[in-house]
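The following note sets out points for consideration on one strand and its neighbours, and then on the pockets. Please read it alongside the coordinates.

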Amino acid sequence: MIVSPAFAGKRYAVLGLARSGMTAVRSLLASGAHVMAWDSRDEPRQALLRDCEAGTCEIADPTSADLSGYDGVVVSPGVPLNSHPIAAAAARAGVPVIGDIELFALARASLPEHRVVGITGTNGKSTTTALVRHLLEKAGVPARMGGNIGLPILGTVPLEPNANGSGVYVLELSSYQIDLTHSLDCDVAALLNVTPDHLDRYDGFAAYAASKARLFAMQTPGHAAVFGKGDAQTLGVARREEARREGKGVARVDGADLDALQKDWPSLQGPHNLQNAAVAIAIVEALGIARADWEPGLRDFRGLPHRMECVARADGVDYINDSKATNPASAAPAIAAFPPDPAPRIHWIVGGLPKGEDLDECKPWFGHIKAAYTIGDAGPLFAEILEPYTPIVRSEMMAQAIRQAMDAAVPGDVVLLSPACASFDQFRDYEARGEAFRQIVEALLAPEDGDAKDGEGRGQGGAAG
């Protein structure tokens, strides 16, 4: 856990006691702060009673309590500041509303020497954050990952300098988290893209884009900024930062110069992942990582669990777990990621509990599909939709689909679980579905005589690094 003398003797209110909120409470208490804590649920309140009985905190609702003299109100990113009464209560008391990322920013001065990377964007930020952490660790640089991914950053073990230089905190930052942050000066900040999202929390698309842009406004001169090139809003922020910094320290990347390398990155296929990789490379290069050190990391990066995760490679066939694709729109990039070479090569395992009656978002890439293996409640409907475009195998159950796809696949093919459906007809959730895919693939590839198939069976896949 990160603790800091910066909080000693100060008073904070914490609203929302899920992972980030509870971690913030623990960190503040361990740092010597007094904490008022509240959650609408009784269970997390009860979990804090022992600390409160010791006199270091109190259980009270800050929306109705007296906040005079408090140093901050720490709220969960899920609290809608545009409608929740906490915003007005804090304003009346003249107390700033902040999040756990701002607490981390305030604690930085007391931490051992380190650097910070902040990554935001509407899409791709989780993959890019995990990839940056992976590339740093492959290069021998200690790294911690947090924010909108993994552990809350205050819950990580503080980094210590090592022979390869100061460690790096790699933060995935949503717009909600940036809204609650005022002094995070990232050594490298990155914006992947901006497309309409979360507009219920903002006064239009421009306000949402401005929230993302604040990450760069918090940087001091001389720190690096990296931008994707895929949309006008991101390019607009890039141009403003170039003007503000007189053209220094700003990079715009799209991965065009990396296209020939991408075929060797099984968990980073598709145009969207080419941009994610390009941004990650620009970030680590800004931190001093040379190509000889980052290039091997792209080849063995396994992606986030259940998101285009290469769980195995055997007999020249890749097995990709994209179980998180729970609707056609999220399955479409996975199908687009594996174009014919020269013939179609995707064995698509598709189906589950449908969220609609079509696969229209996937249709532009039906030509990439060598065969479709339909499963679950949506199986008959999807088989009917796909029959004019590709051979159909009505598998019903996922284990049967995997076995059939494995038998049919030849070197260069891809067995892709990207169901375009919810999982609840056969599995607890998409994670259980993805884990079942991994286990079945590994079991079917397990050699009976102790030798992996072509020396490439088990052990070639794995969870995110």
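1. The model is predicted. Strand β10, residues 224–228, is mostly covered, with five of its five residues buried. Ala224, Val226 and Gly228 point one way from β10, while Ala225 and Phe227 point the other way, and all are buried.

2. On one pairing, strand β9 (residues 188–191) runs parallel to β10 and is joined to β10 by four bridges. Within this pairing, Ala225 of β10 has Ala189 opposite. Helix α8 (residues 205–217) completes a right-handed β-α-β unit with β9 and β10.

3. Strand β11 (residues 250–253) is also parallel to β10, again through four bridges. Gly228 has Val253 of β11 as its bridge partner. With helix α9 (residues 232–244), β10 and β11 form a right-handed β-α-β unit.

4. The largest pocket holds about 1,300 Å³ of space. Its lining comprises 50 residues, and those nearest the centre are Gly124, Ser126, Leu304, Arg307 and Lys324. Among the helices that each supply at least two lining residues are α8, α6 (125–138) and α15 (430–445). By class, the lining divides into 15 nonpolar, 25 polar and 10 charged residues.

5. The second largest pocket holds about 430 Å³. Of its 22 lining residues, Gln262, Lys263, Gln269, Asp341 and Arg345 lie nearest the centre. Helix α10 (271–286) contributes at least two residues to the lining of the largest pocket, and α10 and β13 (317–321) each contribute at least two to that of the second largest. The lining of this second pocket divides into 10 nonpolar, five polar and seven charged residues.

How values were computed:
Residues are numbered from 1 along each chain as its sequence is written. This is a predicted model: local features need pLDDT of at least 70, side-chain atom pairs count only at pLDDT 80 or more; totals for chains, interfaces and linings use all residues. Side-chain values use heavy atoms; hydrogens and water are left out. Buried means under 20% relative accessible area, exposed over 50%, partly exposed in between (1.4 Å probe, protein chains only). Two strands pair if DSSP finds at least two bridges between them. A crossover is right-handed if, with the strands pointing away from the viewer, the path from the first strand over the helix to the second runs clockwise. On a 1 Å grid over the protein atoms alone, a cavity is a set of points where a 1.4 Å probe fits but cannot get out, and a pocket is an open set with protein on both sides within 12 Å along at least five of seven lines; lining residues have an atom within 4 Å of a point. Grid points are joined across faces, edges and corners, and a volume is the space filled by probe spheres set on the points. Ala, Val, Leu, Ile, Met, Phe, Trp, Tyr, Cys and Pro count as nonpolar, Asp, Glu, Lys and Arg as charged, and the others, Gly among them, as polar.
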